[in-house]
Number of protein chains: 2
Amino acid sequence: MKDCLFCKIVRKEIPAEIVAENTNCIAFKDIDPKAPVHILIIPKKHLGSTLDFTDENSWLLADMGLLSNSISRDLGLHEKGYRWVINTGKAGGQAVDHLHLHLLGGRQMTWPPG
Amino acid sequence: MKDCLFCKIVRKEIPAEIVAENTNCIAFKDIDPKAPVHILIIPKKHLGSTLDFTDENSWLLADMGLLSNSISRDLGLHEKGYRWVINTGKAGGQAVDHLHLHLLGGRQMTWPPG
């Protein structure tokens with residue numbers, strides 16, 4: 001998507017602190033972090049939100065999860081724990097219309113989750 | 001797992017307000033809801049947490065997501081939006097050691113997410 005902020009990061013047209021990448025996904029630091037570790041994992045292909053998942057492309061979610069796990073192990077988050085958050089739509093708090101998984105860790109996460 | 005609370009729900013040994021079910025996953029209402037809609041989606045097979053995902057079983061995450069989407073459409077959550085949360089480990093706020101995705105909706109979710 002030409003004007004999508006995250007597609008521009010995928011194409012390296014705008015800078016981001018990229019922390020990991022595989023064939024289908026890329027991970028970079030959230031510019032407004034809410035925890036000592038706050039990383040966004042996104043599919044390189046543009047999906048607007050979780051509502052765009054189909055039987056054919058939902059494997060991307062599994063791929064995002066595996067990349068997140070790899071990052072968690074690299075950063076040592078796997079020992080104490082972490083939170084995954086995916087917002088969909090306005091009521092969910094989605095701020096950029098390109099599917100993204102928030103990986104938050106490095107502090108005790110509280111409940112309720114917003 | 002014999003003594004796992006959520007495995008007992010899967011086996012229908014203890015009651016839960018089940019809202020949806022497919023071959024590999026089951027969804028039921030959280031007993032301490034933090035939003036008008038607060039549903040847990042879990043794999044029937046026991047996985048302790050997201051850290052148990054491997055190349056072989058991570059498709060279960062996609063399956064959980066698709067079941068959640070089906071529920072969101074049934075309940076009309078897809079129009080305004082919703083939040084997915086998965087806690088892993090103590091720092092993530094994981095309360096039951098059987099992988100579960102929280103689907104929260106029916107109100108404006110806030111930021112940060114706990």
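**Helices and strands in a two-chain model**

Guide: In this predicted model, helix H2(A) lies across E1, strand E2 (25-29), strand E3 (37-43), strand E4 (82-88) and strand E5 (101-105) of chain A, together with E4 of chain B. The helix runs at about 150 degrees to E3(A).

Visitor: What makes the direction of H2(A) roughly antiparallel to E3(A)?

Guide: Angles over 145 degrees count as roughly antiparallel. H2(A) runs at about 150 degrees to E3(A), and therefore the term applies. In the other chain, H2(B) lies across E4 of chain A and E1, E2, E3, E4 and E5 of chain B, at about 150 degrees to E3(B).

Visitor: Why is H2(A) called oblique to H2(B)?

Guide: The axes of H2 (residues 59-75) of chain A and H2 (residues 59-75) of chain B cross at roughly 125 degrees and come within 7 Å. Perpendicular covers 65 to 115 degrees and antiparallel begins over 145, so an angle outside these ranges and not under 35 is oblique. That makes H2(A) oblique to H2(B). The crossing is right-handed.

Visitor: Which residues make this contact?

Guide: H2(A) contributes Trp59(A), Leu61(A), Ala62(A) and Gly65(A), while H2(B) contributes Trp59(B), Leu61(B), Ala62(B) and Gly65(B).

Visitor: Why are 2 residues of this contact classed as polar?

Guide: Gly counts as polar, and therefore Gly65(A) and Gly65(B) fall in that class. The contact has 6 nonpolar, 2 polar and no charged residues.

Visitor: What makes E1(A) and E1(B) edge strands?

Guide: The open sheet has 10 strands in the order E1(A)-E2(A)-E3(A)-E5(A)-E4(A)-E4(B)-E5(B)-E3(B)-E2(B)-E1(B), with antiparallel pairing. Strand E1 (18-21) of chain A and strand E1 (18-21) of chain B each pair on one side only. Neighbouring strands are turned by 20 degrees against each other on average, direction ignored.

Visitor: How do you know that E4(B) and E5(B) pair?

Guide: Pairing requires at least two bridges. Strand E4 (residues 82-88) and strand E5 (residues 101-105) of chain B are joined by 4 bridges, and therefore they pair. The two strands run antiparallel. Val85(B) has His102(B) as its bridge partner in E5(B).

Visitor: Why is the relation between chain A and chain B called a two-fold axis?

Guide: A turn of 180 degrees and a shift of 0.0 Å along the axis lay chain A on chain B with an RMSD of 0.0 Å. That is the relation of a two-fold axis. The same surface serves both copies, as 100% of the contact residues of chain A recur in chain B.

Conventions. Residues numbered from 1 in each chain as written. Chains lettered and ligands numbered in written order. Predicted model: local features only at pLDDT ≥ 70, side-chain atom pairs only at ≥ 80, totals over all residues. Heavy atoms only, no water. Axes fitted to C-alpha atoms, helices over the stretch in contact; angles between N-to-C directions. Left-handed = near helix turned anticlockwise from the far one by under 90°. Contact = heavy atoms within 4.5 Å. Least-squares fit on C-alpha atoms with pLDDT ≥ 70 in both.
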